[in-house]
Protein chains: 2
Amino acid sequence: MGLQYAKAAIEGGFWQRYRALVRESVLPYQWKALNDLIPGAPKSHSIENFRIASGLSDGQYDGMVFQDSDLYKWLEAAGHLLGDGEGDSREMLAWVDETVDLIARAQQPDGYLNTYFTVKEPGKRWKNLREAHELYCAGHLIEAGVAVFRGTGNQKILEVARRLADHIDSRFGAGKIRGYCGHEEVELALVKLYRVTGERRYLDLARYFVDERGRSPNFFEQEARASDFAPVFSIHDLDYYQARVPVRELADASGHAVRAMYLCVAVADLAIETGDEGLRRTAERLWSSAAERRMYVTGGIGSAAVHEAFTVDYDLPNDTAYAETCAAIGLFFFSHRLACLTSDSRYADVMERTLYNGVASGLALDGRGYFYVNPLEVVPELCDKSGTYHHVKYRRQPWYGCACCPPNIARLLASLGEYVYHIEGGALYADLFHEGSIACTIDGRELAFRQTTGYPWEDSVAWEFSGPSPVTADLAVRIPGWCRTPGLSLNGARLSPSARNGYAHVKREWRPGDRLELSVPMPVERVYADPRVRADLGKVAIQRGPIVYCLEQADNGPDLRALSLPAGAELRAESDPSLLGGVVTVSGSGLASVSSPGALYGRDRRKEKAVERKLLFVPYYAWANREPGEMAVWIREEEEA
Amino acid sequence: MGLQYAKAAIEGGFWQRYRALVRESVLPYQWKALNDLIPGAPKSHSIENFRIASGLSDGQYDGMVFQDSDLYKWLEAAGHLLGDGEGDSREMLAWVDETVDLIARAQQPDGYLNTYFTVKEPGKRWKNLREAHELYCAGHLIEAGVAVFRGTGNQKILEVARRLADHIDSRFGAGKIRGYCGHEEVELALVKLYRVTGERRYLDLARYFVDERGRSPNFFEQEARASDFAPVFSIHDLDYYQARVPVRELADASGHAVRAMYLCVAVADLAIETGDEGLRRTAERLWSSAAERRMYVTGGIGSAAVHEAFTVDYDLPNDTAYAETCAAIGLFFFSHRLACLTSDSRYADVMERTLYNGVASGLALDGRGYFYVNPLEVVPELCDKSGTYHHVKYRRQPWYGCACCPPNIARLLASLGEYVYHIEGGALYADLFHEGSIACTIDGRELAFRQTTGYPWEDSVAWEFSGPSPVTADLAVRIPGWCRTPGLSLNGARLSPSARNGYAHVKREWRPGDRLELSVPMPVERVYADPRVRADLGKVAIQRGPIVYCLEQADNGPDLRALSLPAGAELRAESDPSLLGGVVTVSGSGLASVSSPGALYGRDRRKEKAVERKLLFVPYYAWANREPGEMAVWIREEEEA
């Protein structure tokens, strides 16, 4: 029982480019942003708040009540990167040390740590758990502490995290405050802290927060009636906080999507660490709700802008979509935990869909612009002129007043090596394909593989056993759900292993130089949504391998709504190394309707003249990296005549 | 030049039922609402504010800053009804007298009248024209004064209106406050006051407000910089107020839809009264924008909930629609003025579309429930669970905190007789068909017609000349734009008059008993939107005569999205006197898709099993008068196989 840590090195290919971007561009840029040094971007004030809380600076607290977490997530990302020993990290290490010192100075003598309540509302600690994000911020500090400790061996930040966790443990629980945070996060962080320290109290406290949540009488209702309760956001809907019923009784992924996902990660983590069957069933049920009935084809979740929330099954509007980057990241983490718990490939399939599409779409190709909201259809004129689309941006943003997404995507990319394999039941599962290597110990046996692939553009993935000596091991490689005709060969000889839950297991005595090759032919595929998804009725999306495509105005001109794809039209994939950092495009012969003038409403169905038009699809993740314009993932499909 | 007053009596048929409802149910109900006597409904406090302002009651002002206007619109409706001498009006007359006395008491010695600024902010008069609605409220008082004076001869309320108008005239204009109201209304009201009093100053003041609006330097921008400016709503977008450019330079109907329409009514009124060609062109241009590119098939306008506003051409989403009842009423008034100005039937066509559909939909059949928002597609589960639809109600509401719509629809229905004919160029134009009579004087000649029809359910409309003696007159009857095969006969003999701008002119010496009969065959029609309306692509709406139909769950079961109509399916109209107060329904053989279980996204277009299903369409205006459920105006049309 318990999660076995299996971290791979990402050493080339698609994700290495992103990781280099994070190292060379994203984190230095965000360091500037957190220091309020990006001209024209909204001020963060996050580091300044810590300087004020430490007595290093005068001034007023500024920013959201949870502004501390932006710095913590940046620190976590830096910790992950430093752990890989990549590139010249001296400057990064100096920033990390400076940040750790600053955070340690801001910690109070009793272990409490939160600059908002230290600087601005010193008398209000733990009085508004529902809205004030204290435990949420603590969770991100703990995650950062674990990552930096693992990456650099820095004991100081781990000590800060432990002192804060101990302080929380001293204040929360039976006989103490019987509450929990309005924004889940500390639960999963405490499990991480338990994993790195072995201290059982942290695991127990995480379980306490999960089990207490939503119990009757409701803590949030009681808290809000207290005389010293000071509202921050005044959102009263208990579903928003996943707090209307006990967590084990939640029927659906509902409320604020990021909160829901972070809770689910903790539920799955607790099931992994404790073997609790009820929590396992809860995790599986909520995942099925989120990923099988409430997820965009891009892996985005949380379809409503109001409350950044889940709505109901199959309600997935493309144009008013919210699909926050952080929520997709949350679904990725949650799916990873279930992959570890069950070794069923459906979970890694969703990790892959989310990562390559709805997560990657949140970061500009140059690392200096972000999307918080990831719509599947955009008409810039509507974003400019209709309040219905006020949340949808078609230009990448330099930063945000509420800047949760930028450092979140950074920490995920920086830690991606932790998510590409998992170990369970004595087997090594290859979940996500990448160029790189892993060395690990399973049941006392050391083994190492080097993986080579041109994925996601090319359809071959190879694992070469790199020793250190012959060893019997079970390497289970995921057969992607999207692949119709996988092939497997060992040292050039075709294999036909039985796939179990979507993984092909190759259990044998591996010798140095042994080479397993997986072939995943990736023709261009048309994808259709369940017909209960109103927004996609009569429409088709294009996918090749794990990559979901879209049409952009830059390639196809304006008025994308007038374009359609005949059911029989051939679609060709073509590599274009010069486009959008190097992508495979998809093109085919479509139709463009030409409107004739007429009345707004008429008795005759306007038979638009349809002219042939070459359609060029580009990967969805790469949209909005050229001149601003329309974008659409779903396109009308014309039935064959 | 100038509008010739031509008021008909509505004496039976479709609209008489509505007028009886207003008299017997709506106005007594609203009187209770304004007196805070409806259990469970939001409190109005409107009358109580006047009692406080008059010194008759202690207490605090409560309600919106424009709460006075609710009472004024109610008073206007009562004035219109009393003018018709219908039914037992003693109680209504007593309420009106009581209200007039109360309003007169609340008027300040200098003529100023506004309970908010009298009770709550006595030092803040005219300091926030952009947001505080003072001139807007004054406009509604003036409209009420004109209606009550016309209906009952009550001089006192007309005197209150004149004193208020004189006070405004003394404060606004060149050398005085060079401002205008954030919510247009006073302009059209001043034209009405000019028409009833002949006082040219009121017309000039209306023109001043219209011509000053949007001039540079911008008044609203200057005002908001003043030290004594106190924000109410803090909406800064000048387009919202139609104040970014001078009115004559406005290119489109834009911003808050009700404000835009009330401004347009005044622009057209001023063109009528002054012959100003620039204003006429402005009115025609803005009408074309509103009605020919930005109007729902129901006549609703203003498609975005945020700012209750117009967006861009062809942006007419059905499910997130706003389409405020007041905005449709505004479009009705605006179209009426252009009908009077141009005698082109396209304007009365839109009056008809709006009245029978997007206006009538705002009132429950029992007069005790309202819709502020008039969507064209409703799924109750989404309204309950997705913030994207928070403005959409599927149950009629008993009242509103912002209760502009309920008394607005009452005053329109009560004054409908003013909108069914117009006189222009020596001709009497029959614009809207109804059961009733008109007596008027044209070029010094008295004439009277009695109109009989079962419209909108039956396709024959007859005008019988009722004297008093033979007279040469030009009766111009509108040939509805929706009618393909109109027929006209005089005293049983077929006529083929030339239609001019959509009206058939019958100019002759009319003798008592002469009977002109118009036949407007009304088969069930399929209506299609311009393909630039994304939301309606591939869909069809059903219309018969002027009535737009919808599907309701009450007749068709849930999951309306699964229903479609084959292109060739026959549709039958059938009268059902027992349904929804007596309607003609439309039915036909449609298809219902039956979903088979499957993945949320798959490579195969889910070929849903389509089973034949009888579809029953009911008039859109009558929706949501039974058990709550789904509703849809636009339905997928299946191409013929």
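In this predicted model, a good place to start is B:Ala439, which stands opposite B:Ala448 in β6(B). The two strands around this spot, β5 (residues 435–442) and β6 (residues 445–453) of chain B, pair in the antiparallel sense over seven bridges. Both belong to an open sheet of seven strands in chain B, ordered β1-β5-β6-β7-β13-β9-β10 with antiparallel pairing. At its edges lie β1 (8–12) and β10 (493–495) of chain B, each of which pairs on one side only. On average, neighbouring strands of the sheet are turned by 25° against each other, direction ignored. Helix α1 (residues 13–34) of chain B lies across β1 and β5 of that chain and runs at about 95° to β1(B).

From here, the view moves to the place where the chains meet. Chain A and chain B each bring 61 residues to the contact, and about 4,800 Å² is buried between them, with carbon and sulfur atoms giving 55% of this area. Two salt bridges are counted between the chains. In a salt bridge between B:Arg534 and A:Glu377, the closest N and O atoms are 3.7 Å apart. Twelve residue pairs are in polar contact across the interface.

On the side of chain A that touches chain B, several elements supply at least two residues each, among them α12 (277–293) and α15 (380–385). Strand β14(A) gives the most, with five residues. By type, the residues of this side divide into 26 nonpolar, ten polar and 25 charged. Strand β14(A) also pairs with strand β20 (residues 601–602) of chain B, in the antiparallel sense over two bridges; here the bridge partner of A:Ala529 is B:Tyr601 in β20(B).

Technical notes:
Residues numbered from 1 in each chain as written. Chains lettered and ligands numbered in written order. Predicted model: local features only at pLDDT ≥ 70, side-chain atom pairs only at ≥ 80, totals over all residues. Heavy atoms only, no water. Pairing = 2+ DSSP bridges. Helix = DSSP H or I, 4+ residues; strand = E, 2+ residues; numbered from the N terminus. Axes fitted to C-alpha atoms, helices over the stretch in contact; angles between N-to-C directions. Contact = heavy atoms within 4.5 Å. Buried area = accessible area lost by both parts, 1.4 Å probe. Salt bridge = Lys/Arg side-chain N within 4 Å of Asp/Glu carboxyl O. Polar contact = N/O pair within 3.5 Å; in protein donor to acceptor, adjacent residues only side chain to side chain. Nonpolar A, V, L, I, M, F, W, Y, C, P; charged D, E, K, R; others polar.
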